[in-house]
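Please take a moment to look over the sequence and the model shown here, and keep both at hand while reading. The paragraphs that follow move from one group of contacts to the next.

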Amino acid sequence: MAQRIVVIGGGVMGLATAWQLTLRGERPIVLDRFARGHRQGASHGATRNFNNAYGEEHYLDLLARAREGWDGLGIVEGEPLLRLHGLVTHGAGLRDAPVPVAEIARRLQERGIRAELLDAAQAHRRWPGMRFEDVVLHSPEGGVVRADAALREWERRIVAAGAAVRWQTPVHAVRPDADGVDVVLDGETLRADVAVVTAGAWTDRLLAGADPDLRLPPLRVTEESPAHFAAVGPGPWPSFNHIGVPGERPGGVYGMPTPGEGVKVGFHAVGDEVDPDARPHRPTLQRELREYVREWFPGLDADSAAPISCTYTSTPDAAFVLDRVGPLVVGAGFSGHGFKFAPGVGATLAALALDPSARAAAPFRLPS
């Protein structure tokens, strides 16, 4: 008998999708090639930026669904999964942003999300460990997602609902046909009505040749190297985006406090392209990152860097892929800014899996 739904990839998007499916009465099987807690992909680590500074309506809609999902998970391991200590977005690049910063503030406020504009002096008085220039967008409802805790909680809930998560279970091929899809494993083939593919950096190779109607955009896999820095000055520490960093350094910077590890700071989407199966796990641009911290963070010790390695799987325009072709549902290309959206992405992919006529927002769809 065919399994109703198989989810391929047990990172944040796969687990979020499986959880959403269990809320709708389904009992999916989640398959992941690695062991629980592995560090080969993009979902490990204690924290992710809960950045709400978006001006595009499709992202704000997805953010609203995500916030509802995070809040609905309640208290996990003693506290909510969102730490809402605020987000500041600043930098010269805001002047040339597709949506002006004042417009972003207005759109957030229209949705009931608190937001305000500050000048550099006002911002420095509130966050003396940071240096600012020009206008600063502050939203008290930004912060961080407790990433590792979220993965643990979703797996717990998925299994408690009677579904399954199978670690160390590589998928070798996905073969759709008119009646469903075969998912080929070691010595076993699962037959399913629908396969949801949330395989991150391995999406391209897993789906290569699976269906001629499935036209994915180019997915570029890079190894990124943020680092945690020790605080030497006063807090508080918000989450942050620094857009259009002056000088010769790489472009945007993001970061957030990670209790017990320091303040995470990283250049966005500047890493070397890698083969995910031969990733060097070698930090890059660490000198440049220390120089940036030395200039812009008087409250951090620039020489205390503890590098981290993760992957981005990026589309050319950094837009997500959330779509269905036949019995295949694909969630891919989260481009280094997807984690915070995971409950909304999971709800979208679950709806696509259950209803062939469902559609994600137009910017997330594949070309027809």
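A residue is called buried when its relative accessible area is under 20%, exposed when that area is over 50%, and partly exposed in between. By this measure Arg-146 is buried, because its relative accessible area is 7%. The model in front of you is predicted, and this should be kept in mind throughout.

Arg-146 is a good place to begin, since its side chain meets that of Glu-77 in a salt bridge, with 3.8 Å from N to O. Glu-77 lies in the loop between β4 (75–76) and β5 (79–80), while Arg-146 belongs to strand β10 (residues 143–146), so the pair ties together parts that are 69 residues apart in sequence. Unlike its buried partner, Glu-77 counts as exposed, because its relative accessibility is 52%. In general, side chains of opposite charge can pair when their charged atoms come close.

A search of the whole structure finds 31 salt bridges, and another of them joins the side chains of Arg-111 and Asp-61, at 2.7 Å from N to O. This pair also links distant parts of the chain, for Arg-111 is in the loop between α3 (101–110) and β8 (116–118), whereas Asp-61 is in helix α2 (residues 57–72), 50 residues apart. Arg-111 is partly exposed because its relative accessibility is 33%, and Asp-61 is likewise partly exposed, with a relative accessible area of 42%. Both residues belong to a network of salt bridges that also includes Glu-57, Glu-103, Arg-106, Arg-107 and Glu-110.

A further salt bridge is formed by Arg-95 and Asp-134, whose closest N and O atoms are 2.7 Å apart. Here the linked parts are the loop between β7 (87–90) and α3, which holds Arg-95, and the loop between α4 (120–126) and β9 (136–139), which holds Asp-134, 39 residues apart. Arg-95 counts as exposed at 57% relative accessibility, and Asp-134 as partly exposed at 37%.

Aromatic rings make contacts of another kind, and the structure holds 17 aromatic pairs. In one of these, the rings of Trp-19 and Trp-154 have their centres 5.8 Å apart and their planes at 40°, so the pair is tilted. Trp-19 lies in helix α1 (residues 12–23) and Trp-154 in helix α5 (residues 147–160), so this pair ties together parts that are 135 residues apart in sequence. Trp-19 is buried, with a relative accessible area of 6%, and Trp-154 counts as buried at 0% relative accessibility.

Tyr-292 and Trp-296, by contrast, form a stacked pair, with 6.4 Å between the ring centres and 25° between the planes. Both lie in helix α7 (residues 286–296), 4 residues apart, which is about one turn of the helix, and both are buried. The ring of Trp-296 has a further neighbour, as the charged end of Arg-131 sits over that ring, 3.9 Å from its centre. Elsewhere, ring pairs link Tyr-54, Tyr-59, Phe-320, Phe-334, Phe-341 and Phe-364 into a cluster.

The last stop is an open sheet of 3 strands, arranged in the order β20-β15-β22 with antiparallel pairing. Its edge strands are β20 (272–273) and β22 (310–314), each of which pairs on one side only. Strand β15 (residues 220–224) pairs with β22 in the antiparallel sense over 5 bridges, and within β22 it is Thr-311 that serves as the bridge partner of Glu-223. Strands of a sheet pair through backbone hydrogen bonds, either parallel or antiparallel.

Terms used:
Residues are numbered from 1 along each chain as its sequence is written. This is a predicted model: local features need pLDDT of at least 70, side-chain atom pairs count only at pLDDT 80 or more; totals for chains, interfaces and linings use all residues. Side-chain values use heavy atoms; hydrogens and water are left out. Rings of Phe, Tyr and Trp (its six-membered ring) pair if their centres lie within 6.5 Å; planes under 30 degrees apart count as stacked, over 60 as edge-to-face and the rest as tilted. Helices (H or I, at least four residues) and strands (E, at least two) are DSSP runs, numbered from the N terminus. Buried means under 20% relative accessible area, exposed over 50%, partly exposed in between (1.4 Å probe, protein chains only). A charge sits over a ring if NZ of Lys or CZ of Arg is within 6 Å of the ring centre and within 35 degrees of the ring normal. Two strands pair if DSSP finds at least two bridges between them. A salt bridge is a side-chain nitrogen of Lys or Arg within 4 Å of a carboxyl oxygen of Asp or Glu.
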